[in-house]
Amino acid sequence: MSDGKETSVKEQVKILAIVGPTASGKSALALRLATHLDAEIVSADSRQIYRELTIGSAKPCKEELQQVRHHFIDERSLPAPYDAGTFAAEAETRLAEILSRGKVPIVVGGSTLYVQSLVQGLAALPKSDPEVRKRLYEELHTLGAQALYARLKSIDPQQAQTLDPTKTQRLIRSLEIIELTGERVSELQRRAHRAPRFSFCVIGLALPRPVLYARINARVLEMMRKGLLEEARWLYEKFGRQHQQEKINALETVGYKELFEMFEGKHSLEEAIAQIQQHTRNYAKRQITFFRNKLSVHWIAAPEREQDIAFALQRVISIFPQPVFQ
């Protein structure tokens, strides 16, 4: 068991975080880094934590999970909710535990709020109110997402700018906070902020936009080849009815959402695949914007070929101040 002095020393250690848009090669680079540094990977991915979401969440394969210890992979089951605040609290505890064993933790992920909550801390916002949330979801069903987004934009334009109108969970949560507190979310976030427990060295992987988009298109086709359609059908049969009634946020994920709509007869398989590719490209663009605007990131060229990974690894090591254990 560590004493207070040792804990204090370890909390001053810089934690390495690898971020970037989807399909930028974060997982492959992190795996090589973890092997080189004798590290463990802390996944900052809001979907890989669910046991049921595998192909559509681009979860590491069994061999990779056996090669390096991963945290926050397959640790929850649907339909249980999970959010950035819960992740940040649990991840801080896990980081301290990894450090206590003399290991190097590497945070890896592209879920923007998960990364931000861990790296910068979170605003102390009110807990959810079931009655308010239920009514807002009823309004969402009746009026549509665009109407609720317009309401938020009129009240708190700064918060609205940070949202994708199609991501209804954050939209509902923003309106819920406004109703519960009578204040704008953006203002509350400025005033009430919980400082992070650790400091971080954040390294981002950058790719030319055409290369990134080509990777995304190819990865969607590879997911379909690996069985994304069958995985989505199983999820739809198991959770579809419940999802229609109360929206399971994890199933609003790009890839599953479009295939669910196909099962409901809204479009063909070919249209669903094209939508998944387009929506993933849109998501990657938002990730890039978020990381560039919200975090202090050391950007390096993402490895475009297998042989480039070694060079990217050396670039990370040249930037990252490796921890010294006392």
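## Confidence in the model

What pLDDT does the chain average, and what share of the residues score at least 70? This is a predicted model, and its chain averages a pLDDT of 89, with 92% of the residues scoring at least 70.

One stretch calls for more care. Over residues 1-10 the pLDDT stays under 50, and the model has 8 contacts for this stretch beyond four places in sequence. Where pLDDT is low, the predicted coordinates should not be read in detail.

## The nonpolar cores

Let's turn to the interior. The largest nonpolar core has 50 residues, and L78, V107, F200 and L259 are those with the most contacts inside it. Elements giving two or more residues to this core include β1 (14-19), β5 (199-206) and α14 (269-294). Helix α4 supplies the largest share, 7 residues.

F200 is a good place to start looking around. Leaving aside its neighbours within four places in sequence, F200 is in contact with K14, I15, A17, L95, V107, L118 and V119.

Another core, of 31 residues, lies apart from the largest one; among its members are L29, V104, L207 and I317.

## Strand β4 and its partners

Strand β4 (residues 104-108) is largely enclosed by the rest of the structure, because 5 of its 5 residues are buried. V104, I106 and V108 point one way from the strand, while P105 and V107 point the other way.

Two strands run parallel to β4: β1 pairs with it over 3 bridges, and β2 (residues 39-43) is joined to it by 5 bridges. V107 of β4 is a handy landmark here: A17 stands opposite V107, and so does V42.

Conventions: Residues are numbered from 1 along each chain as its sequence is written. This is a predicted model: local features need pLDDT of at least 70, side-chain atom pairs count only at pLDDT 80 or more; totals for chains, interfaces and linings use all residues. Side-chain values use heavy atoms; hydrogens and water are left out. pLDDT is the predictor's confidence in each residue, from 0 to 100. Contact means heavy atoms within 4.5 Å. A nonpolar core is a set of buried Ala, Val, Leu, Ile, Met, Phe, Trp, Tyr and Cys residues joined through side-chain atoms within 4.5 Å. Buried means under 20% relative accessible area, exposed over 50%, partly exposed in between (1.4 Å probe, protein chains only). Helices (H or I, at least four residues) and strands (E, at least two) are DSSP runs, numbered from the N terminus. Two strands pair if DSSP finds at least two bridges between them.
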